[in-house]
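This report is meant for a reader who has not met the structure before. Please look at the sequence and the model first, and then follow the text from one helix to the wider fold.

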Amino acid sequence: MCELFGISSREKVKCNEMLKEFFEHGIDNPHGWGLATFYENAVSLEKEPVSSLESTYLKNRLTEEIVKDKLIAHIRKASKGGIEYKNSHPFILRDDADRAWTLAHNGTIFESSELDPYLSRQKGQSDSERILYYLVDQINAEQKKTGRELTDEERFLIVDKVIHTITPENKVNLLIYDGDLFYVHANHKNSLHRCQKGKTLFISTKPLKQNCWENVPINTLLAYRNGELVYVGEKHTNEYIENENKTRYLFLDYANM
């Protein structure tokens, strides 16, 4: 049900081989691909609602050298929302301080009263996009309250609070980048991995051809700056356990869209 790949590094690294390997997993996630790269507060977003294995654009893109210090990539297996560009990850939304927030999600929101109001505001139908709208609203509310742009620690605490709010009964594996902090969260065992090589952090749903992979600790929000872990959230108890009935009804809903 979707896969994530991300990099946070102090130095720029050549990403082509790892991206190529990651996007080959499109055979099991055929409903779209996306790649977000960053320069200061600017985001370059490339995505299509087609299989990463069938995309001529992506094939040509990967022949060009890709050297980055931050990126988020995604391949999609649709569960909520049709196979359209507007439902492809990552998603980007700017807060009231003009900070760009970029989010990719592996999982499903089965129920969340906090996210339901964003059905009428979002551009697509993806439950993942609603997470971003809710998060940015929480950031904006706190900035309005304080009358200033938030510090990195204040932003982290809000993201951590959002995670605690939306994870009950839901699978919420996330990569988020706010132009400064690179957030990582998983609440399903063995479903997200990290590889630390010096000042470079790699994150991947499935281990790639490296020898340093370990499971991301579940139920705990992590935030990195330039490949270095700087904040660890309060551990919650909302581990997602696979539920065959929930998953079956979910895909029945998708088939009837």
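Helix 3 covers residues 127-146, and because a rise of 1.5 Å a residue applies, its 20 residues should span 28 Å, which agrees with the 29 Å found between its end C-alpha atoms. The model is a predicted one, and the values discussed here are computed from it. At the start of helix 3, a side-chain oxygen of Ser126 comes to within 3.0 Å of the backbone nitrogen of Ser128, while just after the helix Gly147 adopts a positive phi of about 75°.

Helix 4, residues 152-166, can be checked by the same rule, and the table sets the two helices side by side.

| Helix | Number of residues | Expected span | Distance between end C-alpha atoms |
|---|---|---|---|
| Helix 3 (residues 127-146) | 20 residues | 28 Å | 29 Å |
| Helix 4 (residues 152-166) | 15 residues | 21 Å | 21 Å |

Which residues of helix 4 are buried? They are Arg155, Phe156, Ile158, Val159, Asp160, Val162, Ile163 and Ile166. An α-helix has 3.6 residues a turn, so residues three or four places apart point the same way. The cover over the buried residues of helix 4 includes helix 3 as well as strand 6 (100-108), strand 7 (171-177), strand 8, strand 12 (222-225) and strand 13 (228-232).

Strand 8, which spans residues 182-185, contains His185. His185 has a relative accessible area of 1%, so this residue counts as buried. Its side chain reaches the backbone oxygen of Val172 at 2.7 Å. Leaving aside residues up to four places away in sequence, His185 touches Ile163, Thr167, Val172, Asn173, Leu174, Leu192, Asn219, Thr220, Leu221 and His236.

Elsewhere, an open sheet of 7 strands is arranged in the order 3-2-4-1-10-9-11, and its pairing is antiparallel. Its edge strands, each of which pairs on one side only, are strand 3 (42-48) and strand 11 (213-215). On average, and with direction ignored, neighbouring strands of this sheet are turned by 20° against each other.

Several of these pairings can be followed in detail. Strand 2, residues 33-39, runs antiparallel to strand 3 and is joined to it by 7 bridges, and Phe38 stands opposite Val43 of strand 3. Strand 2 also pairs with strand 4 in the antiparallel sense, over 5 bridges, with Ile72 of strand 4 as the bridge partner of Ala36. Strand 1 and strand 4 run antiparallel and are joined by 8 bridges, and Val67 in strand 4 is the bridge partner of Lys14. Strand 4 is mostly covered, since 7 of its 9 residues are buried. Helix 1 (residues 16-23) lies across strand 1 (3-14), strand 2, strand 4 (67-75), strand 10 (200-204) and strand 11, and runs at about 0° to strand 4.

Seen as a whole, the protein has 5 helices and 13 strands. For 257 residues, a compact globule would have a radius of gyration near 18 Å, and the protein, at 17 Å, therefore agrees with that expectation. Along the principal axes, its C-alpha atoms fill a box of roughly 45 × 45 × 30 Å. Of the 257 residues, 55% count as buried, and among contacts in the protein with a separation of 6 or more, residues 24 or more positions apart account for 67%.

Technical notes. Residues are numbered from 1 along each chain as its sequence is written. This is a predicted model: local features need pLDDT of at least 70, side-chain atom pairs count only at pLDDT 80 or more; totals for chains, interfaces and linings use all residues. Side-chain values use heavy atoms; hydrogens and water are left out. Two strands pair if DSSP finds at least two bridges between them. Helices (H or I, at least four residues) and strands (E, at least two) are DSSP runs, numbered from the N terminus. Axes are lines fitted to C-alpha atoms, for helices over the stretch in contact, and angles run from 0 to 180 degrees between N-to-C directions. Contact means heavy atoms within 4.5 Å. Buried means under 20% relative accessible area, exposed over 50%, partly exposed in between (1.4 Å probe, protein chains only). A polar contact is a pair of N or O atoms within 3.5 Å; within protein, one must be able to donate a hydrogen and the other to accept it, and residues adjacent in sequence count only if both atoms are side-chain atoms. The expected span of a helix is 1.5 Å times one less than its number of residues. The radius of gyration is taken over C-alpha atoms; the globule rule is 2.2 Å times the number of residues to the power 0.38.
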